[in-house]
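Student: I should like to understand how the descriptive terms used for a protein structure are justified. May we work through some of them together?

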Amino acid sequence: MGTGESATGKVAEDPGEVTYEVLAQKVDMGTEAEAAKVVSEPDKVKGKVLAVAHLKYTHKSGPALTDGSDVHDGTTVFADGQRGTVLIGASEDAAGCEDPYDVDSWKQGESHVFCETYVIPANAKSVEVHWAEEDGEPYIWKFPNG
């Protein structure tokens, strides 16, 4: 996928299937010091940084959602072809990111930005954001690192 190019996919939501337009907007790279601050065992993230992927999801068709969304579950971050390590609960605090579980009302035509935080090697040359429908092939956006 090119920068600024969006993908379209379906997600089984409660109360029914929703078609989304998905766009990986950017990946914010952190520092080793920042990574060490947010994990319980700083030794495990030596030589690693945080990569916060910002994805914009637009509700294109299907029922309005009233109790959160699972669209972000299809997102992963890779560095130089290797899947990063997800950091649960870190991204809700990042600037410009919303918590998917706080979205109580989501109607057709509305967009939200959800983020995923991964730990990746500091020296990675490229970062990829993957998003896939359940059991589907991923859409891949590549971002240069540094």
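Tutor: The discussion below takes several descriptive terms and sets each against its definition. Please bear in mind throughout that this is a predicted model.

Student: Let us begin with Val 103; why is Val 103 called buried?

Tutor: The relative accessible area of Val 103 is 6%. Buried means under 20%, so Val 103 is buried.

Student: Where in the chain is Val 103 placed?

Tutor: Val 103 belongs to the loop between strand 6 (85-86) and strand 7 (111-121).

Student: Which residues are in contact with Val 103, leaving aside its neighbours within four places in sequence?

Tutor: They are Asp 67, Gly 68, Glu 98, His 112 and Phe 114. Each has heavy atoms within 4.5 Å of Val 103, and therefore counts as a contact. As for Tyr 118, 15 residues from Val 103 along the chain, the C-alpha atoms of the two are separated by 22 Å.

Student: Next, the sheets. In what order do the strands of the five-stranded open sheet lie?

Tutor: The order is 1-2-3-7-6, and the pairing is antiparallel.

Student: What makes strand 1 and strand 6 edge strands?

Tutor: Each of these two strands pairs on one side only.

Student: How do you know that strand 3 and strand 7 pair?

Tutor: Pairing requires at least two bridges between the strands. Strand 3 (residues 48-61) and strand 7 have 11 bridges in the antiparallel sense, so they meet the definition of a pair. One of the partnerships joins Lys 56 to Val 113 in strand 7.

Student: What is the order of the open sheet of four strands?

Tutor: That sheet has the order 5-4-8-9, with antiparallel pairing. Its edge strands are strand 5 (82-83) and strand 9, each of which pairs on one side only.

Student: How do you know that strand 8 pairs with strand 4 and with strand 9?

Tutor: The requirement is again at least two bridges. Strand 4 (residues 75-79) is joined to strand 8 by five bridges, and strand 8 is joined to strand 9 (residues 139-144) by six. Both pairings therefore satisfy the definition. Between strands 4 and 8, Thr 76 has His 130 as its bridge partner, and Phe 78 stands opposite Glu 128. In strand 9, the bridge partner of Glu 128 is Lys 142.

Student: Why is strand 8 described as mostly covered?

Tutor: Strand 8 (residues 126-131) has six residues, and five of them are buried. A residue is buried if its relative accessible area is under 20%.

Student: How many salt bridges does the structure hold?

Tutor: The structure holds four salt bridges.

Student: What makes the pair of Glu 128 and Lys 142 a salt bridge?

Tutor: The side chains of Glu 128 and Lys 142 meet at 3.1 Å, N to O. The limit is 4 Å, so the pair qualifies. This pair links distant parts of the chain, with Glu 128 in strand 8 and Lys 142 in strand 9, 14 residues apart.

Student: Are these two residues, Glu 128 and Lys 142, buried or exposed?

Tutor: Glu 128 has a relative accessible area of 10%, so it is buried, being under 20%. Lys 142 is at 54% and therefore counts as exposed, since exposed means over 50%.

Student: Why are Lys 26 and Asp 28 called partly exposed?

Tutor: Lys 26 has a relative accessible area of 39%, and Asp 28 has 33%. Partly exposed lies between the limits of 20% and 50%, so the term applies to both residues. Their side chains also meet in a salt bridge (3.8 Å, N to O).

Student: How do you know that Lys 44 and Glu 41 form a salt bridge?

Tutor: Their closest N and O atoms are 3.3 Å apart, and the definition asks for a distance within 4 Å, so the pair is a salt bridge. Lys 44, at 58%, is exposed, whereas Glu 41, at 44%, is partly exposed.

Student: Finally, how do the residues lining the second largest pocket divide by type?

Tutor: Five are nonpolar, one is polar and five are charged. Among the lining residues are Trp 131, Gly 74 and Lys 10. Strand 1 (residues 7-12) gives the most to this lining, with three residues. About 180 Å³ of space lies in the pocket.

Technical notes:
Residues numbered from 1 in each chain as written. Predicted model: local features only at pLDDT ≥ 70, side-chain atom pairs only at ≥ 80, totals over all residues. Heavy atoms only, no water. Buried < 20%, exposed > 50% of the residue type's maximum accessible area, 1.4 Å probe, protein only. 1 Å grid on protein atoms, 1.4 Å probe; cavity = no way out; pocket = protein on both sides within 12 Å on 5 of 7 lines; lining within 4 Å. Points joined across faces, edges and corners; volume = space filled by probe spheres on them. Nonpolar A, V, L, I, M, F, W, Y, C, P; charged D, E, K, R; others polar.
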